[in-house]
Amino acid sequence: MCSASGACGARGSARARRHVVRGRAAAEERKSAAGARGGAQHCGERQQRRWPTRDRGGPGLIREINFSVIGQYVDYLVEEQGVKNIFVNGTTGEGLSLSVSERRQVAEEWMTKGRNKLDQVVIHVGALSLKESQELARHAAEIGADGIAVIAPFFLKPWNKDVLINFLKEVAAAAPALPFYYYHIPALTGVKIRAEELLDGIQEKIPTFQGLKFSDTDLLDFGQCVDQNRERQFAFLFGVDEQLLSALVMGATGAVGSTYNYLGKKTNQMLEAFERKDFSSALNHQFCIQRFINFVLKLGFGVSQTKAIMTLVSGIPMGPPRPPLQRASREFIDEAKARLESLDFLSSTDLKDRNLESCS
Ligand SMILES: CC(=O)N[C@@H]([C@@H](O)[C@H](O)[C@H](O)CO)[C@@H](O)CC(=O)C(=O)O
């Protein structure tokens with residue numbers, strides 16, 4: 001994730017210094033089985049809010065992408081959260097739950113709506129099928145993306161580093177002018193090849209290799225990635241939001257994460273404090289963010305819950321996730337809302353006066 005200014009980079013080249021902040025790829029709307037065809041319908045948790053709907057036909061469980069909110073969301077991220085770099089079609093954006101055609105459309109919409117507003121748009125093009133991944137990589141180049149990222153294929157898995165690199169190399173070659181990022185997220189892919197091992201000699205195999213999006217809690221692996229590549233101008237984008245400060249100390253050059261969609265401003269404050277070496281203030285910001293994440297993790301926190309919180313904080317209807325995920329429960333939303341208010345992450349004048357835990 002990235003601060004708007006790009007001033008929060010700790011090291012590396014100008015390119016590496018730019019922080020990529022993730023934004024959700026697209027909000028989806030639910031095509032409700034009960035919804036009136038062609039008519040307006042409420043399909044969100046908050047009935048008082050008007051949700052944009054569109055009747056596209058098809059079975060009741062299919063949730064179609066609501067492209068119409070992407071432009072609004074770009075403005076929200078830039079103006080309200082100070083987030084100007086976007087990671088499209090990743091985990092939070094449910095990229096792997098979308099068809100290739102949908103992924104192309106989502107990427108195009110972010111590129112179009114982000115023009116002259118966003119600094120960088122990196123598109124995740126990982127897929128189980130190498131051909132699909134290459135198609136998405138070529139498409140990303142055609143539409144002028146700033147980079148592509150790829151996860152390890154996770155069904156028929158690469159069993160060692162060389163096999164994984166060969167796969168990544170084929171995808172990267174389909175977009176030879178685009179910076180390439182490896183998206184390391186072993187808990188979800190099940191591919192446990194250490195990032196440190198993967199990075200060893202990677203530029204000889206993938207000349208466009210630009211950096212690593214590291215979504216894992218193994219700070220030994222992360223630290224060694226940085227330490228062993230000090231001479232290279234790689235970007236090290238950290239993806240565990242609750243541990244970002246530790247990763248900054250180790251040399252992270254940026255961050256990509258789900259919470260930056262609604263805590264981007266707060267995180268930028270932490271990055272700025274870190275940059276000016278005000279470590280006590282940076283730690284306070286990190287602890288504050290941790291209080292919220294720790295709370296929601298205990299309730300059960302994932303992509304569905306992230307979407308509900310994004311809706312709550314931004315006021316922009318993100319809709320429910322696509323099956324097999326299910327919408328966040330009413331109880332979760334109520335508890336998360338109360339916690340956001342108590343931490344002053346969500347303004348509520350009623351609560352502010354008696355707020356003992358405020359992080360502001
Ligand atoms: C597994 C997962 O979803 N991890 C998130 C984190 O931001 C995570 O939600 C956060 O650290 C809370 O644990 C990101 O790494 C995912 C991400 O960047 C993406 O949406 O591509």
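1. How far does a polar side-chain atom of Lys213 lie from an oxygen atom of the ligand? In this model, which is a predicted one, the separation between that polar side-chain atom of Lys213 and the ligand oxygen is 2.6 Å. Taken alone, the ligand exposes 500 Å², and of that area the protein buries 84%.

2. Two further polar approaches to the ligand deserve inspection alongside Lys213. In the side chain of Thr92, an N or O atom is 2.6 Å from an oxygen atom of the ligand, while at Ser258 a polar atom of the backbone is 2.7 Å from a ligand oxygen.

3. The surroundings of the ligand comprise 17 residues, of which Thr92, Tyr183, Lys213, Gly239 and Glu242 come nearest. Sorted by class, this shell contains 6 nonpolar, 7 polar and 4 charged residues.

4. Where the ligand sits can also be described from the protein side, since the space that the ligand takes is the largest pocket. The volume of this pocket is about 580 Å³, and among the 26 residues lining the pocket, those closest to its centre are Thr91, Ile185, Ser215, Gly239 and Ser258. Gly239 is thus listed both among the residues that come nearest to the ligand and among those closest to the centre of the pocket.

5. As for the composition of that lining, its residues divide into 11 nonpolar, 10 polar and 5 charged. Helices that each supply at least two residues of the lining of the largest pocket include α6 (186-189), α12 (279-299) and α13 (303-314).

6. Two points of backbone geometry should be checked by eye. The peptide bond that runs from Pro323 to Pro324 is cis, with omega near 15 degrees, and Pro324 has its place in the loop between α13 and α14 (330-342); α13 is also one of the helices that contribute to the pocket lining.

7. The other backbone point concerns Asn89, which is not a glycine and yet has a positive phi of about 65 degrees. Asn89 is found in the loop that lies between β3 (85-88) and α3 (100-114).

Definitions and conventions
Residues are numbered from 1 along each chain as its sequence is written. This is a predicted model: local features need pLDDT of at least 70, side-chain atom pairs count only at pLDDT 80 or more; totals for chains, interfaces and linings use all residues. Side-chain values use heavy atoms; hydrogens and water are left out. A residue is near a molecule or strand if one of its heavy atoms lies within 4 Å of it. A polar contact is a pair of N or O atoms within 3.5 Å; within protein, one must be able to donate a hydrogen and the other to accept it, and residues adjacent in sequence count only if both atoms are side-chain atoms. Accessible areas come from the Shrake-Rupley method with a 1.4 Å probe; for residues, only the protein chains shown count as cover. On a 1 Å grid over the protein atoms alone, a cavity is a set of points where a 1.4 Å probe fits but cannot get out, and a pocket is an open set with protein on both sides within 12 Å along at least five of seven lines; lining residues have an atom within 4 Å of a point. A molecule sits in a cavity or pocket if more than half of its atoms lie within 2 Å of its grid points. Ala, Val, Leu, Ile, Met, Phe, Trp, Tyr, Cys and Pro count as nonpolar, Asp, Glu, Lys and Arg as charged, and the others, Gly among them, as polar. Grid points are joined across faces, edges and corners, and a volume is the space filled by probe spheres set on the points. Helices (H or I, at least four residues) and strands (E, at least two) are DSSP runs, numbered from the N terminus.
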